[in-house]
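The following exercises concern a predicted model. Please work through each task before reading its solution.

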Amino acid sequence: MAERSPLAASNHGDEAGFSLVELMVAMAIFAIFVAVILTSIVAISRSAVRTQLVGESTNSTLVVFGSLDRQVRYSDSINYPGVGATGNRYVEFRVPAASTAGGLLAICYQWRFSLADSRLESRRWNESDPTTATAWSPKLTNVANDGDTTHPFQLVAANISDKPRQQLLITLNPGTDAQTAGAGMSTTFIARNTSIKSQSNDPLTPVCTFGAYRP
């Protein structure tokens, strides 16, 4: 009978493979590695989404501020912000006829913060004819309410000392709470046609009013 060589016996022993314990350890290490990779991917994805949302909120807020700046800077009177019958916050201002495109009619602008919709909206009408009031136009959505009485509007009335013009302070914080992605911004707009004599410095005699103008 032929004898098996020692080399053949040695090779046969090397083919025994992994033990069950070694296999389980290898699988556990691989599972941990996969979990770390997936966690990193999720974190990066959330960060990218948050950055995108903040960017979009910032751009939208800047567009609103640009629109307000074009309107407020030519105003000759700004009302004190206040609360309407439904709890929404309002502010109005008037652009005199000389500063409007046609130069014939004074234009009233009204902005409101809708509490139920968390939305900033605006409309306009000819001062002499409130029936020309346009429909409410949404300007910014998902606006946070900071709880202040007239938020997001605040009027800095003209005075003799350091503020000879009326100033409208707007504070907006739009974004997505679920993604903790907000873009809080605050800007002061100066009404260059106003003065200490502007009518709306007296809250009892506001401009641009008509029946139920703050619903």
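**Exercise 1. Arginine 119 and its partners**

Classify arginine 119 as buried, partly exposed or exposed, and determine which salt bridges it forms.

Solution. Step 1: The relative accessible area of arginine 119 is 25%. Because partly exposed covers the range between 20% and 50%, arginine 119 is partly exposed.

Step 2: Side chains of opposite charge can pair when their charged atoms come close. For arginine 119 and aspartate 117, the closest N and O atoms are 3.2 Å apart, and the two form a salt bridge. A salt bridge also links arginine 119 to glutamate 121, with the closest N and O atoms 2.8 Å apart.

Step 3: Aspartate 117 is partly exposed at 43% relative accessibility, whereas glutamate 121 is buried, with a relative accessible area of 3%. Through shared partners, salt bridges join Arg112, Asp117, Arg119 and Glu121 into one network.

Step 4: The structure holds eight salt bridges. Another pair is arginine 73 and aspartate 69, whose closest N and O atoms are 2.4 Å apart. Arginine 73 is partly exposed at 31%, and aspartate 69 is partly exposed at 26%.

**Exercise 2. The disulfide**

Identify the cysteines that form the disulfide and state its handedness.

Solution. Step 1: The count comes to one disulfide, and it joins cysteine 108 to cysteine 208, with an S to S distance of 2.1 Å. This pair links distant parts of the chain, 100 residues apart: cysteine 108 lies in strand β4 and cysteine 208 in the segment after β11.

Step 2: The torsion about the S-S bond is about -85°, so the disulfide is left-handed.

Step 3: Cysteine 108 has a relative accessible area of 0% and is buried. Cysteine 208, at 6%, also counts as buried.

**Exercise 3. Helix α2**

Compare the expected span of helix α2 with the separation of its end C-alpha atoms.

Solution. Step 1: Helix α2 comprises 53 residues, 20-72, and at 1.5 Å a residue should span 78 Å.

Step 2: The end C-alpha atoms of α2 are 77 Å apart, which agrees with the expected span.

Step 3: The buried residues of α2 include Ser57, Phe65 and Val72.

**Exercise 4. The largest pocket**

Describe the volume and lining of the largest pocket.

Solution. Step 1: The largest pocket holds about 200 Å³ of space. Of its 14 lining residues, the closest to the centre are Thr100, Ala101, Ile107, Tyr109 and Arg124.

Step 2: The elements giving two or more residues to this lining are α2 and β4.

Step 3: The lining divides into seven nonpolar, five polar and two charged residues.

Notes: Residues are numbered from 1 along each chain as its sequence is written. This is a predicted model: local features need pLDDT of at least 70, side-chain atom pairs count only at pLDDT 80 or more; totals for chains, interfaces and linings use all residues. Side-chain values use heavy atoms; hydrogens and water are left out. Helices (H or I, at least four residues) and strands (E, at least two) are DSSP runs, numbered from the N terminus. The expected span of a helix is 1.5 Å times one less than its number of residues. Buried means under 20% relative accessible area, exposed over 50%, partly exposed in between (1.4 Å probe, protein chains only). On a 1 Å grid over the protein atoms alone, a cavity is a set of points where a 1.4 Å probe fits but cannot get out, and a pocket is an open set with protein on both sides within 12 Å along at least five of seven lines; lining residues have an atom within 4 Å of a point. Grid points are joined across faces, edges and corners, and a volume is the space filled by probe spheres set on the points. Ala, Val, Leu, Ile, Met, Phe, Trp, Tyr, Cys and Pro count as nonpolar, Asp, Glu, Lys and Arg as charged, and the others, Gly among them, as polar. A disulfide is a pair of cysteine sulfur atoms within 2.5 Å. A salt bridge is a side-chain nitrogen of Lys or Arg within 4 Å of a carboxyl oxygen of Asp or Glu.
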